[in-house]
Number of protein chains: 4
Amino acid sequence: MPLPQTVLYPPFNILRLSHVEYRVTDLARARAFYVDMLGLQITHETDGQLYLRAMEERGHHCICLTQSDRAEAGHLGFKLFDEPDLDKAESWLLEQGLEAVWTEKPFMGRVLQTRDPYGVPLEFYCKMDRLPPIHQQYALYRGVKPLRIDHFNMFSADVDAAVAFYNQLGFRTTEYTEDQKTGKIWAAWMHRKGGVHDIAFTNGLGPRLHHTAFWVPTPMNIIDLLDLMSTTGWVDHIERGPGRHGISNAFFLYIRDPDGHRIEIYCSDYQTVDPDHEPIKWDLTDPQRQTLWGAPAPRSWFEEGSLFNRAELKESQLKSQPIIAP
Amino acid sequence: MPLPQTVLYPPFNILRLSHVEYRVTDLARARAFYVDMLGLQITHETDGQLYLRAMEERGHHCICLTQSDRAEAGHLGFKLFDEPDLDKAESWLLEQGLEAVWTEKPFMGRVLQTRDPYGVPLEFYCKMDRLPPIHQQYALYRGVKPLRIDHFNMFSADVDAAVAFYNQLGFRTTEYTEDQKTGKIWAAWMHRKGGVHDIAFTNGLGPRLHHTAFWVPTPMNIIDLLDLMSTTGWVDHIERGPGRHGISNAFFLYIRDPDGHRIEIYCSDYQTVDPDHEPIKWDLTDPQRQTLWGAPAPRSWFEEGSLFNRAELKESQLKSQPIIAP
Amino acid sequence: MPLPQTVLYPPFNILRLSHVEYRVTDLARARAFYVDMLGLQITHETDGQLYLRAMEERGHHCICLTQSDRAEAGHLGFKLFDEPDLDKAESWLLEQGLEAVWTEKPFMGRVLQTRDPYGVPLEFYCKMDRLPPIHQQYALYRGVKPLRIDHFNMFSADVDAAVAFYNQLGFRTTEYTEDQKTGKIWAAWMHRKGGVHDIAFTNGLGPRLHHTAFWVPTPMNIIDLLDLMSTTGWVDHIERGPGRHGISNAFFLYIRDPDGHRIEIYCSDYQTVDPDHEPIKWDLTDPQRQTLWGAPAPRSWFEEGSLFNRAELKESQLKSQPIIAP
Amino acid sequence: MPLPQTVLYPPFNILRLSHVEYRVTDLARARAFYVDMLGLQITHETDGQLYLRAMEERGHHCICLTQSDRAEAGHLGFKLFDEPDLDKAESWLLEQGLEAVWTEKPFMGRVLQTRDPYGVPLEFYCKMDRLPPIHQQYALYRGVKPLRIDHFNMFSADVDAAVAFYNQLGFRTTEYTEDQKTGKIWAAWMHRKGGVHDIAFTNGLGPRLHHTAFWVPTPMNIIDLLDLMSTTGWVDHIERGPGRHGISNAFFLYIRDPDGHRIEIYCSDYQTVDPDHEPIKWDLTDPQRQTLWGAPAPRSWFEEGSLFNRAELKESQLKSQPIIAP
């Protein structure tokens, strides 16, 4: 199946991925992971919630940790260009027969919540409280020195369909893996903000969140994080890496939070603002697509992911598809 | 004077800066500088011209070196979103009473050339020949490992006016220096592509090109370049740095090509895709705005720049303004 | 068994490891690996041999590649303090009932060859031709930017005995792994030159050379090498890493040359010149001793090594010892 | 004057530089500099003194800060090989007509104090309390991540004489600057421990301590320190750098403590354990000897240094020598 054509003038203007909620079963332990170890900054704190931002972000938060009975991912948040775009989003979603629920959220004003056709909970907003810059307060930098949220990666039971859906919203594919036996897209990386991706889809039991990624300055910061995790009781939370991805050419590390939510530490992908930027196709049999240096990913990386709050897995589709890449 | 409001829906859609022509008096020597030493890749070569691209670029070239009697800068090139934008550009320029000259250029199709109201030669195009990716051909990386063109910086005799003009075209100011005594903008950094800038203006004898910047992976590559230049006969071409800018927070080095054209090597600024991203104001008396670490720039850095081909300097305005920052 | 006491005033003064010969079955291919890819510099070349040095070395060579029918390691070379030490070495070896054969070698003058009690071929010399420094000829740096030879690592069928032998020669143990079940030393790292080691022994089918290590400036150079190997046909020659060793705290990568000889790329261990520097003991069951970050080494790393020229394996001992670490 | 011959079998065995006392006028402020900002670790603390070590050191301290009325440097400390060496040192010093005063110092046992012929206070010892390793406690790393003390640099009114004196003690010259007009040695770098230097002498008003240097992992840590100092009130304490020295090829930064004592942050020099390692000669007129990249040092760097406690400056010699390098 050929890659579907990206809509150049989408129905509403999504600027970028923006934030995510993780429901965690032990907020104190999650705080030790995200704040004390990774180095995210607390911007607001209540009894049951922590709002965090990375060092270069001016928006109020990129991640919200919520104490919960069950470890789950909440809505994936996207920032729209302006207020009229929010209204256009509502119209379009309703036209597609999708949910479009208005809510008010702290620090964000009105928020439009929906689910994509595969069950992934999304929310759109336009203005989040802006905070003073801290990127030159170097005394605050800790851990991996996280600079900004970079992307979401999801397991999808039908990557072809997911790509077609998000193409309509103006997400452009930068790289993808094709299963040459079936002609289907195995995995795809799609962007709005001008990097390799804001969102990616990988074939597997979906909808589930595979990981959220944070951008860091250089590979040296990832080495520093590995040294720190290895000597502060977090060594078992290192899942995969460090390495360089074939796809995206980024330097990466995958770690798991205390509830198993997967975080990617990521740096140095490339600029993709040109609308005629050609997607790069990889073959599913090429091991260098995952790690340019040839090292395989562990089984857990292919199988495990975060369930979305109140989303049903597409188990029927699962039966006909392997969830482990060859 | 308050910073003028950026037009959110500009008359035509400029994606990003794209390319520049440097006229050089000794093409072989320029090649030694840009290709053998810096590490740019040759994509086309004629008797009198060299076309070059950086390692992550898919467009045919980001710099064109032209053998010439006189060292000058040619047109500053910008890529537009699509073909209709090119026509909208023509209409808008004519409305403003500015030149709008169509030409055909190799590798680029139809090109619309103009001058801004201050004499800076600009050209707009939509499609440049796309080349196969080489960013994962690591055997080709040399010198500073240049990844992509990042921005142009110009001397301007009236920065307030330049900012107002480019704001109309959708360039958003990310940081600026204000002269608190006069209330005027001393310097401004403005972007389209989502980084700190595509273009910047500094108070001085204009119009002149202060520098063109290339993005590199990490500060270590800049250190490698300094070691290489220092031991291969280019030590006198190191002008300023390395250091970290207060403005932009980028790590930088300024070097001069054999004709004196200034090149900045640049890395690690931040993402600015939000339209509500607040500009950061710096005071002209704050020495850390230029170099966060406090080291002053040399006099040449404030005084010297490349003349634009057939552009007249605004000498009258010069009399009332110092060209050296305090 | 307690760690044997190091002799503080050894019978002759070994300064440091110095050089090794690798016999290779395809000299052109070995050259592609060591020179074109790794970045070692050729200092002498004949029909059947290549002499190489690393960037900071003033001695004529640290590695000699010899075209041969069979892939093997030759003598491990050590530099002595002065000429009288060479004569003292001869006396001592003869006292121990070991070989002591004088030979003349190109670039090295008189050389004393022997075998340790376990069959490892050693050679001692005092003066090697000194070459002009090239460490500031940055245009020559390539590949991983190898700075100097750092250490040899050998499989030994009786590490306790090997440690006792080399202790008599003034090698001091800096770190070691103990098998708590047997009380035996599983592996030991021993130095003369003031770093973590000049030589190391690992339990296994011996005598075999496990690897020769080269020191490089920073972990970034190892990442550069991985990118280069991965995209120039050498991806299958990456065996283990990158990672940080628990033992030595060094950042490492293991690669295999075209004949399977193993090379370690190594940086950032610590200074050990104090004679009262306490050895660090690791337990065989601690997986972080090998890789601080927890990643296991592949089976090949435990099993495969270079045979020494004309050395007999101690197969009888092998039967009672596993060659794979638990 | 030719470089004097180093004594290969010195009268007693100095292993390495070890520690220094700085007398400071505000201990709390000095603590903010050395501990909170630079990242040295406190190993002992009294009302008027702080003992500090760097991350890889096992000896009790490398720097002792003493509250005092006057900012001065105390004894430069050197570790000897064993106890008999301490007694040999006493004999030799007395033979030379120099002081040899035994004292007991906390954490160090018996200590032999003297002054070199030019008034520099030295102390020798053999055993300092050994502390458990902390180099793999990565949560403790802060600031510039100092790994170990590296060298002392002194102003000397007669560098030729100083070099001759320390040569007798087995210090070997690795690099030196010659004033070709006078034939005199302008500056010299001399080592015992196998790096470029344990001590260095620069022509100037002496005896004064020019700086004490600390070794750090990579140039990136120096960049991190600059960012930190620049944004935590220490920007005026940055004196020179970052840069690469021509001499030593090390990457460096010079900073000043609250009393003006100069600290060098230093990394990546080369190994010099061979006794036949040839010294590199630089000419006084070569600006790249100081900074390979060509940037000049500021005037303060040539003129200012720490007085030694109770040492008289050699003012008579000063009259005939410039203290500023050309």
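This is a short tour of a predicted model, going from one strand to its neighbours, then to a helix and the chain contacts.

**Strand 16 of chain A.** Select residues 262-267 of chain A, which form strand 16. Of its 6 residues, 6 are buried, so the strand is largely enclosed by the rest of the structure. Show the side chains: A:Arg262, A:Glu264 and A:Tyr266 point one way, while A:Ile263, A:Ile265 and A:Cys267 point the other way. Charged residues such as A:Arg262 and A:Glu264 are thus among the buried ones here.

**Its partners.** Add strand 15, residues 251-256 of chain A, which runs antiparallel to strand 16 and is joined to it by 6 bridges. Within this pairing, look for A:Leu253, whose bridge partner is A:Ile265. The two strands form a hairpin with 5 residues between them, and in that hairpin A:Gly260 takes a positive phi near 95°. Now add strand 13, residues 208-215 of chain A, which pairs with strand 16 in the parallel sense over 4 bridges. Here A:Trp215 stands opposite A:Tyr266.

**The core around Ile265.** Select residue 265 in chains A, B, C and D. These four isoleucines have the most contacts inside the largest nonpolar core, which has 375 residues. To see what surrounds one of them, go to B:Ile265. Beyond its neighbours within four places in sequence, B:Ile265 is in contact with B:Val144, B:Phe214, B:Val216, B:Ile222, B:Leu225, B:Phe252, B:Leu253 and B:Ile255.

**Helix 1 of chain A.** Return to chain A and select residues 27-37, helix 1. Which of its residues are buried? They are A:Ala30, A:Phe33, A:Tyr34 and A:Met37. These cover an arc of only 125° around the axis, which puts them on the same side of the helix. Next, select what they pack against: strand 1 (14-24), strand 3 (49-53), strand 4 (63-67) and helix 4 (219-230) of chain A. After the helix comes A:Gly39, with a positive phi near 100°.

**Between chains.** Show chains A and B together: 29 residues of chain A are in contact with 29 residues of chain B. On the chain A side, 9 of the residues are nonpolar, 8 polar and 12 charged.

Finally, show chains A and D. A turn of 180° with a shift of 0.0 Å along the axis lays chain D on chain A with an RMSD of 0.0 Å. The two copies are therefore related as by a two-fold rotation axis. In chain D, the C-alpha nearest that axis belongs to D:Met220, 4.1 Å away. Both copies use the same surface, since 100% of the contact residues of chain D recur in chain A.

Notes
Residues are numbered from 1 along each chain as its sequence is written. Chains are lettered from A and ligands numbered from 1 in the order in which they are written. This is a predicted model: local features need pLDDT of at least 70, side-chain atom pairs count only at pLDDT 80 or more; totals for chains, interfaces and linings use all residues. A nonpolar core is a set of buried Ala, Val, Leu, Ile, Met, Phe, Trp, Tyr and Cys residues joined through C-beta atoms within 7 Å. A residue is buried if 20 or more other C-beta atoms lie within 10 Å of its own, exposed if 12 or fewer, and partly exposed in between; C-beta atoms are placed from the backbone. Two residues are in contact if their C-beta atoms, placed from the backbone, lie within 7 Å. Ala, Val, Leu, Ile, Met, Phe, Trp, Tyr, Cys and Pro count as nonpolar, Asp, Glu, Lys and Arg as charged, and the others, Gly among them, as polar. Copies are superposed by least squares on the C-alpha atoms of residues with pLDDT of at least 70 in both. Two strands pair if DSSP finds at least two bridges between them. The arc is that of the directions from the helix axis to the C-beta atoms.
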